[in-house]
Structures are given as structure tokens and as C-alpha cells.
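Take a walk through this fold, from its overall dimensions down to single residues. Keep the model in view as you read.

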Amino acid sequence: MPQVVLPDQSNYKGAKPVGAERPSPQLATGKEDEPQWLKDFQRDGYVVNKDVVSREKALNYYAPAGEDWLEGFKLGYKRDDPSTWDVKNLPRHIFGGLYGQYSFSHAQFVWDAKTEPNIVELFEKLWGTKELTVSFDGGSLAVPLPLDQVEGHAAPWPHSDQSAYRPQRHCVQGLLNILPNGPEDGGLMVLKGSALLFERYFQEHKHLESPDKWLIRDGYFWDEAELKWFYDRGCEWVKPAMDPGDFVLWDSRQVHYGAFPKKQNKRFAIYICYKPMAFMTEEQKERKIEAFNRGYCTTHDPCDFLVKSNQEAEWNVNFPYAKPVINEQGQKAIGLIPY
Ligand SMILES: [Fe+2]
């Protein structure tokens, strides 16, 4: 068997988005018993599902596990001592607390979240199948930091996680919220309704196409002048209030960003994304298992993923903690055992 190749793909230069020649999965809509949350999701481009994990488990298991993960690097960060909340005391991250190295995606608590039965069930209902595959995307353990330690002084960074060259709904992502998340706290900001206008925007702005701005890889960074087009069509910024244990799903085309905490509250969230296994090629299955074995973090799309940057950087440590113990459902979603 040929060796599986897993290069750093942060400078992906393909001619088309990965898998652009294959169809996109369709939502399991139109059924008589279609849940209200699925209707809300289609209308708004996102939906919050309450109490998907119990508040108690979020606060008493997931939150301390995130703190253990940060403190375990022994760089100086102490969960209860704000004088230690400084970038020099934390593992390397971006946007004030977004982790995409150090096998974050494969920490035990992250895998426990990915395999929470209620989370899996949401994606089963979304796609209408139990045969799903899961992403190895990252998460936020955002501690209030001096603003000059955060990209752009913690300014908004509105983006979509699909390419202009993949305008149809191709991926639905989600996050498990772990700490109380009110208006002044850090957290997900979404431009309500923008996912439904994503395709039309690029159709109507072909004259602005440029290789620097219109990325081939799944991602698009918006500026305010562009977003005005969405505001003029009724889209509004929303910061969904979330309690510990709530799970938010959003269309990867939706304009969004992770707001940095403005006050002294931390923001912890685990990103989780499932898609039907039927949309993965055999080569992707091999790459996925290899990425798992190496402890790599990947982009949101569980099928058409890219390996995140710096997985083999000299400063990175893959599996800084014990390898995760994963239940049968999770092992199937990786492809380690068949459905
Ligand atoms: Fe994103």
C-alpha cells in the first residue's frame, strides 16, 4: 500500500476546493416529524440547542478538563490566578485562545465531547443517517488576556468556512459551549441569515474575483464594505446567549467569528462537526486514520479536510497527554472499525 501523505496544508494551492468534483450532502428535511430546530437552522443559518450536555457536566467535567489541559503544559498559567493570564504562560494559539496544535482535537475531554450521544444524535437527524464521520477540528480555551496579546487587539474577524468556489451548503459545523456565555463574554458571533445569501453574493460580485481574496481552500475573510451587502439584505449580527452544555450548529457558509472575552470571564468551547461517511473517499479514510494516529488537527470538514498548520513544527508536541480512549461510536466515526 502506498504511504499516506499528510503535508502541512496551510498554503493549499489546489485548482479547486478539495472534493469539489463530488456532490454535497443534503439535509434530512421535509419529513413529517422535522424538528423545529432543523427548521430554524435552515431559516437562520444557525441554531442553538439547549442542554445537549447537562450544565453540571459542562461545569464540573469539561471546564476543569480544559483548565487541566492548559495548566498541564506547566508554562505558568494558573486557572484561579488572573495575574498568570498572559500569553507567555500559555501554549501557542491564535485569536486569543483558539488551539489547532498539540493534538487538541484528540484530548480525552475533546473526544468525550465529540461522542456525547445527544450531539451525535443532532447530526444524525441533520443528515438523516447514523453512519457519520467526525472532524478533528480545534477548540477555544480563551482566557482574558491583555488586548495587545491578541490578533488585531481582539477586533472581529468575520469569515465563512467555505470557499467562494464552493457556494452550496457543503458542511455544517458546531460547538459545545462549556462556560456561561452572555453578551459581554467571548463567544460565537453569527451574521444571521448570511449563509443563504453566500452563493448569491459571489454570483453578483464576479467582477471582484481575485486570487488573494477568493481563496480556493474553504474559507473567506469578509471586510465591512462587503458585509454591507448582507446588512442591506436584512442580515444582523447576533451573539447567541449560551449556557454551559448548549450546542450551536451553523452552516459553514454563515459569516461568523469568535469574539474575544471583554470582561474577566473565560470562554471555553469545543468544535465538533459530523458528516455522512458516504461522502468520504477511500483515500480520505486512509488519510483520516493516519491523521488520528499522528494526533493531527484538521479543518472543520470531516470529509474534505486539510491538515492544519504546524502539526510537525519544532515547537509543537503531538499527544502531550495520554492518547484518548474512544467509545465504539467514535471509533466508527474515525473509521477505525466499520459500521
Ligand atoms: Fe470559523
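Two residues are in contact here if their C-beta atoms, placed from the backbone, lie within 7 Å. That rule underlies what is said below about the cover of helix α2, which includes α3 (108-114), β4 (139-142) and β12 (267-272). The model itself is predicted.

Start with the whole chain. The protein chain has eight helices and 13 strands. Its C-alpha trace spans about 50 × 50 × 45 Å along the principal axes. The radius of gyration is 19 Å; a compact globule of 339 residues would have one near 20 Å, so the two agree. Of the 339 residues, 43% count as buried. Contacts reach far along the sequence. Among those between residues at least 6 apart, 87% join residues at least 24 apart.

Now turn to helix α2, residues 55-71. Its 17 residues should span 24 Å at 1.5 Å a residue, and the end C-alpha atoms are 23 Å apart, which agrees. Which residues of α2 are buried? They are A58, Y62, G66, W69 and L70. The spacing has a simple background. An α-helix has 3.6 residues a turn, so residues three or four places apart point the same way.

Next comes the sheet. Six strands form an open sheet in the order β1-β10-β6-β12-β4-β2, with antiparallel pairing. The edge strands are β1 (46-49) and β2 (98-99), each of which pairs on one side only. Helix α1 (residues 36-44) packs on this sheet and touches β1 and β10 (247-251). The direction of α1 makes about 150 degrees with that of β1.

Follow strand β6, residues 172-177. In the sheet order, β6 stands between β10 and β12. Five bridges join β6 to β10, and the two run antiparallel. V172 has D251 as its bridge partner in β10. On the β12 side, the pairing is also antiparallel, over four bridges. Here G174 stands opposite I272, and L176 stands opposite I270.

Is β6 covered on one face or both? Both faces are covered. V172, G174 and L176 are buried on one side, and Q173, L175 and N177 are buried on the other. Six of the six residues of β6 are thus buried.

The nonpolar core draws on these strands. The largest such core has 80 residues. Those with the most contacts inside it are L175, L176, V248, L249, I270 and I272. L175 and L176 lie within the span of β6, residues 172-177. V248 and L249 fall in the range of β10 (247-251). I270 and I272 belong to β12.

Look more closely at I272. Leaving out residues up to four places away in sequence, I272 touches A113, K114, I119, S135, G174, L175 and L176. Its partner across the bridge, G174, is thereby also among its contacts.

Finish away from the sheet, with N318. Where does N318 lie? It sits in the loop between α7 (282-294) and α8 (328-334). N318 counts as partly exposed because 15 C-beta neighbours fall inside 10 Å. A residue is buried only with 20 or more such neighbours, and exposed with 12 or fewer. Beyond its neighbours within four places in sequence, N318 is in contact with S103, R294, G295 and Q311. F230 is 88 residues away from N318 along the chain, and their C-alpha atoms are separated by 41 Å.

Methods. Residues are numbered from 1 along each chain as its sequence is written. This is a predicted model: local features need pLDDT of at least 70, side-chain atom pairs count only at pLDDT 80 or more; totals for chains, interfaces and linings use all residues. The radius of gyration is taken over C-alpha atoms; the globule rule is 2.2 Å times the number of residues to the power 0.38. The expected span of a helix is 1.5 Å times one less than its number of residues. A nonpolar core is a set of buried Ala, Val, Leu, Ile, Met, Phe, Trp, Tyr and Cys residues joined through C-beta atoms within 7 Å. Two strands pair if DSSP finds at least two bridges between them. Axes are lines fitted to C-alpha atoms, for helices over the stretch in contact, and angles run from 0 to 180 degrees between N-to-C directions.
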